[in-house]
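Me: Please take a close look at the ligand site. Keep it brisk, and give me the cut-offs as you go. After that, carry on into the strands and the backbone.

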Amino acid sequence: MSHQGIFGGKRIVLGVTGGIAAYKAATVCSRLVQAGALVDVVMTEAAQKFISQLTFQALTHRPIYTDMFHIPGGENIPHIVLADSADLLLIAPATANTIGKVANGLADNLLSAIALATPAPKLMAPAMETDMWRHPATQRNVATLKGWGIEVIGPAAGRLASGAMGEGRLVEPDEIVAAAQIILARQGDLAGRTVVVTAGGTREAIDPVRFVSNHSSGKMGYAVAEAARDRGAQVTLITSANLPAPFGMAVVRVDSAQEMLDAVLTATDQATALIMAAAVADFRPLTVAEQKIKKRGDTEGLVLELVRNPDILAEVAARKATGTGPDITVGFAAETHDLLANAHEKLKRKRLDLIVANDVTATDAGFAVDTNRVTLLGTDGSIEETPLMTKREVAETILDRVARFLTDS
Ligand code: PMT
């Protein structure tokens with residue numbers, strides 16, 4: 001699997017049709033290109049009245065297709081070549097006219113011919129005036145498209161080109177890109193699998209305003225969750241980090257180790273894999289003061305008595321022994337010394353399938369930074385060291401192993 005993310009090397013045919021929202025297709029195009037996709041833009045005649053070919057050419061550095069019978073720089077018929085090579089046909093904006101053509105099997109321009117000829121998944125983002133959208137013909141056509149499994153996103157409600165307020169606006173480019181991402185993910189090697197990921201350092205309350213915690217930012221866990229989502233998994237992210245919720249997954253927010261334990265046991269009941277990137281506090285204050293603890297005198301210190309927290313991975317292993325819980329369990333080991341020996345001991349004690357050993361004394365790896373350098377230890381005795389990589393790339397390496405477990409089992 002490429003480590004570029006879901007769009008890396010994917011061929012997307014972006015159909016642009018003639019509506020005022022055509023200018024927003026340039027943003028969609030730019031986002032896709034930046035994410036690594038090869039974007040072939042097909043413009044209808046009407047689209048070219050609203051936005052120039054040059055805009056898309058400058059964004060994609062590729063020829064723009066407008067004509068069924070003109071072949072830019074090749075010998076093959078464009079609608080066949082584009083239809084056969086596409087991983088996704090995305091039409092944004094899609095006018096009532098183009099929706100009508102596709103729903104009725106017409107192929108009188110290049111875009112509608114591609115729509116008819118391509119076996120690739122299709123996503124359409126309609127944009128038009130409210131009355132056109134609500135017309136029974138459009139609604140029937142959209143129902144036909146959906147019935148064939150074509151995805152339709154939007155339209156959104158808001159201010160339209162006419163100045164009126166209503167349904168018919170093109171949804172925002174980021175939403176279109178996110179929807180494209182989810183569709184492409186269905187072709188990934190974790191499609192149909194359920195993956196539970198934990199992230200962040202748990203917070204153990206001392207009193208209503210203070211807690212004991214650690215330096216985990218959640219970045220590693222979020223990278224694993226996003227990578228699993230992009231490879232097609234249904235993801236539950238259980239997090240104590242303060243990062244925004246990534247799209248396309250269930251996010252469960254927790255504070256303490258106890259809360260994380262409850263959420264993990266619920267989420268992993270039927271899961272394919274649990275990946276514990278969270279830095280779970282091993283200890284919590286014995287008691288939580290109901291009110292803010294006040295200073296008593298200038299010199300008097302405060303002694304906090306700590307007790308052991310439950311070990312989440314140990315509880316998961318105990319459940320597995322009774323036949324419930326995830327098929328594959330991956331732990332992390334954050335170490336400051338004896339990296340491999342300590343990680344190996346945790347692999348065995350926590351009955352994991354894989355452990356990701358992390359030297360957290362490095363300044364470019366471990367807590368809070370965007371990069372990481374890890375060693376993967378497997379139960380089969382395998383040891384795989386990674387170079388310094390982005391956390392996303394580390395996540396992909398871990399998921400390569402998870403995917404391999406699944407094909408081997
Ligand atoms: O979040 P970032 O800033 O991106 O940083 C990433 C990271 C350094 C936190 C991450 O890469 C990492 O190493 N996570 C594991 C941290 C940790 O708690 O390691 P540990 O060696 O204490 O625990 C071993 C494993 O047992 C971990 O998978 C942990 O989630 C789990 N555990 C720990 C304690 C506990 N009570 N229950 C557990 O299940």
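Reply: The ligand site comes first, then the strands, then some backbone details.

This is a predicted model: local features need pLDDT of at least 70, side-chain atom pairs count only at pLDDT 80 or more, and totals for chains, interfaces and linings use all residues. Residues are numbered from 1 along each chain as its sequence is written, and side-chain values use heavy atoms, with hydrogens and water left out.

The ligand is surrounded by 28 residues. A residue is near a molecule if one of its heavy atoms lies within 4 Å of it. The closest are S216, S217, K346, N358 and A368. By class, the shell holds 15 nonpolar, seven polar and six charged residues. Here Ala, Val, Leu, Ile, Met, Phe, Trp, Tyr, Cys and Pro are nonpolar; Asp, Glu, Lys and Arg are charged; the others, Gly among them, are polar.

Which elements each supply at least two residues of the shell? They are α10 (219-230), α12 (312-321) and β16 (328-335). Helices (H or I, at least four residues) and strands (E, at least two) are DSSP runs, numbered from the N terminus. β16 gives the largest share of the shell, four residues.

Now the polar contacts, meaning pairs of N or O atoms within 3.5 Å. Backbone atoms reach ligand oxygens at several points. A polar backbone atom of A278 is 2.7 Å from a ligand oxygen. For L313, a backbone N or O atom lies 2.9 Å from an oxygen of the ligand. For K219, the distance from a backbone N or O atom to a ligand oxygen is 3.3 Å. On its own the ligand has 760 Å² of accessible area, and the protein covers 96% of that. Areas come from the Shrake-Rupley method with a 1.4 Å probe.

The space taken by the ligand is the largest pocket. A pocket is found on a 1 Å grid over the protein atoms alone, as an open set of points where a 1.4 Å probe fits, with protein on both sides within 12 Å along at least five of seven lines.

Next, the strands. Five of them form an open sheet with parallel pairing, in the order β2-β1-β3-β4-β5. The edges are β2 (38-43) and β5 (151-152); each has a single partner strand, so one side of each is left without a neighbour in the sheet. Two strands pair if DSSP finds at least two bridges between them. β1 (residues 11-16) pairs with β2 over six bridges, in the parallel sense. V16 stands opposite M43 in β2.

β6 (residues 156-159) and β7 (residues 165-169) run antiparallel, joined by four bridges. G158 has G166 of β7 as its bridge partner. β6 and β7 form a hairpin, with five residues between them. In the turn, G163 has a positive phi of about 100°.

Finally, the backbone. The A92 to P93 peptide bond is cis, with omega near -5°. P93 lies in strand β3 (residues 88-94). The bond from G154 to P155 is also cis, with omega near 5°. P155 lies in the loop between β5 and β6. D338 is not a glycine, yet has a positive phi of about 45°. D338 lies in the loop between β16 and α13 (339-349).

How values were computed. Polar contact = N/O pair within 3.5 Å; in protein donor to acceptor, adjacent residues only side chain to side chain. 1 Å grid on protein atoms, 1.4 Å probe; cavity = no way out; pocket = protein on both sides within 12 Å on 5 of 7 lines; lining within 4 Å. Sits in = over half its atoms within 2 Å of the grid points.
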